[in-house]
Amino acid sequence: MALFLDRDGVINVRPPMDYVKKPSEWALLPGVAAALVQLSSMFDRIVVVTNQAGVGKGLMSEEDLAVIHQLMLDQIGEAGGRIDAVYYCPHRREAACDCRKPATGMAMQAKIQFPDIDFSRSWMVGDSASDMVFGQNLGMKTVLIAGKYEEAEILAEMQVDYRFDGLLDFVRFLRGC
Ligand SMILES: [Zn+2]
C-alpha cells in the first residue's frame with residue numbers, strides 16, 4: 001500500500017492564506033511525528049505531494065523549498081519515521097500545468113520513481129478539495145483532515161471516504177482495521 005500525503009495542514013501548521021517560505025515558519029502539527037513512525041510500518045511507500053505556488057509567484061525559491069523539505073525529512077527521520085519522496089508543484093494556478101493538484105502529475109512522478117505503487121491500493125490524505133479530487137481521479141481512498149476553514153462549505157458537502165481531525169486519528173483508525 002502507498003500513502004500520499006498533502007503537506008500544509010496535514011504534516012505542518014498551515015499559515016492561513018500564506019506559504020511556508022523559510023524554516024522559521026515551519027512547525028509540525030501535534031502528533032504528526034508519532035503518526036508517521038507508525039505509518040512507516042504500515043505503508044510500503046509514503047510520499048508527499050504538495051502545491052507550492054509561492055515559488056511560481058516569486059515569494060520563495062526552489063532552494064528555499066528544498067531547505068524546508070530537508071528540515072521536514074530530518075524531523076520525521078529523527079523521530080523514527082520515514083518519507084520516501086517529496087513531490088511539489090511550483091506553478092501558479094494560471095499556468096494550467098499538469099502537476100498542480102487536482103491534476104495527477106505528481107502521482108505519475110511517484111509511479112515512475114516507485115513502479116510498485118498501485119493507485120487503487122493507495123490512500124490520499126489532505127485538507128483541501130483539490131486533494132480529495134486528486135485522490136478520486138486516481139481511484140485512491142480519500143481521507144480529509146479537518147481544519148481548512150476557507151473551504152469549509154465545499155468540504156462539508158464533498159464525498160470522501162473518511163474524515164479525521166489529524167494524522168494520529170487516521171493511524172488509530174487503521175490500527176482498528
Ligand atoms: Zn505544476
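What follows is a walk through this predicted model, from its central sheet to its zinc site, its nonpolar cores and a few residues with unusual backbone geometry.

Let us begin with the sheet. Six strands make up an open sheet, and reading across it the order is E3-E2-E1-E4-E5-E6, with parallel pairing. The two edges are strand E3 (85-89) and strand E6 (162-164), each of which pairs on one side only. If you compare neighbouring strands, they are turned against each other by 20° on average, direction ignored. As background, strands of a sheet pair through backbone hydrogen bonds, in either a parallel or an antiparallel arrangement.

Two of the strand pairs are worth a look in detail. E1 and E2 run parallel and are joined by 4 bridges, and within this pairing Leu3 has Ile46 of E2 as its bridge partner. E2 is mostly covered, with 6 of its 7 residues buried. Towards one edge, strand E5 (residues 141-145) pairs with E6 in the parallel sense over 3 bridges. Here, the bridge partner of Leu144 is Arg163 in E6.

Helices pack on this sheet. Helix H3 (residues 62-79) touches strand E2 (45-51) and E3, and the direction of H3 makes about 150° with that of E3. Helix H5 (residues 129-137) is in contact with strand E1 (2-5), E2, strand E4 (122-126) and E5, and its direction makes about 170° with that of E4.

H3 also offers a good residue to zoom in on, namely His69. Is His69 buried or exposed? His69 counts as buried because its relative accessibility is 6%, which is under the 20% cut-off for that class. Setting aside neighbours within four places in sequence, His69 is in contact with Arg7, Thr50, Val86 and Tyr88.

Now follow the chain from edge strand E3 to the metal. Which residues hold the zinc ion? Its protein donors are Cys89 (SG), His91 (ND1), Cys97 (SG) and Cys99 (SG), at 2.1 to 2.2 Å from the ion. In sequence these donor residues follow the spacing C-x1-H-x5-C-x1-C. The pair Cys89 and Cys99 links distant parts of the chain: Cys89 is in strand E3, while Cys99 lies 10 residues away in the loop between E3 and helix H4 (105-113). Both of these cysteines are buried. The 4 donor atoms make angles of 102 to 116° among themselves, and the site is tetrahedral. For reference, the ideal angle for four tetrahedral donors is 109.5 degrees.

The loop between E3 and H4 has further features. Ala96 is found there, and although Ala96 is not a glycine, its phi is positive at about 50°. Ala96 counts as exposed because its relative accessible area is 65%, and the cut-off for exposed is over 50%. The same kind of loop position holds for Pro102, found between E3 and H4. A cis peptide bond joins Lys101 to Pro102, with omega at about 15°.

Another positive phi belongs to Met17, near 55°, again in a residue other than glycine. Met17 sits in the loop between E1 and helix H1 (32-42). With 70% relative accessibility, Met17 counts as exposed.

Turning to the interior, the largest nonpolar core has 26 residues, of which Leu5, Leu39, Leu167 and Phe170 touch the most other members. E1, H1, E2, H3, E4, E5 and helix H7 (167-176) each supply at least two residues of this core. Leu5 gives a sense of how these elements meet: beyond its neighbours within four places in sequence, its contacts include Leu36, Ile46, Val48, Met124, Val125 and Leu167.

A second, separate core holds 18 residues, among them Cys99, Ile117, Phe119 and Leu138. Cys99 is also one of the zinc donors, which ties this part of our walk back to the metal site.

Our last stop is Lys111, in helix H4. At 33% relative accessibility, Lys111 counts as partly exposed. Leaving out neighbours within four places in sequence, Lys111 is in contact with Ile117 and Phe119, and both of these residues are included in the second core. The C-alpha atoms of Lys111 and Phe164 are separated by 27 Å, with their places 53 residues apart along the chain.

Terms used: Residues numbered from 1 in each chain as written. Predicted model: local features only at pLDDT ≥ 70, side-chain atom pairs only at ≥ 80, totals over all residues. Heavy atoms only, no water. Pairing = 2+ DSSP bridges. Axes fitted to C-alpha atoms, helices over the stretch in contact; angles between N-to-C directions. Contact = heavy atoms within 4.5 Å. Donors = N, O, S within 2.8 Å, 3.2 Å for Na, K, Ca; no water. Tetrahedral: all angles 85-135°; square planar, octahedral: opposite > 155°, others 65-115°. Buried < 20%, exposed > 50% of the residue type's maximum accessible area, 1.4 Å probe, protein only. Core = buried A, V, L, I, M, F, W, Y, C linked by side-chain atoms within 4.5 Å.
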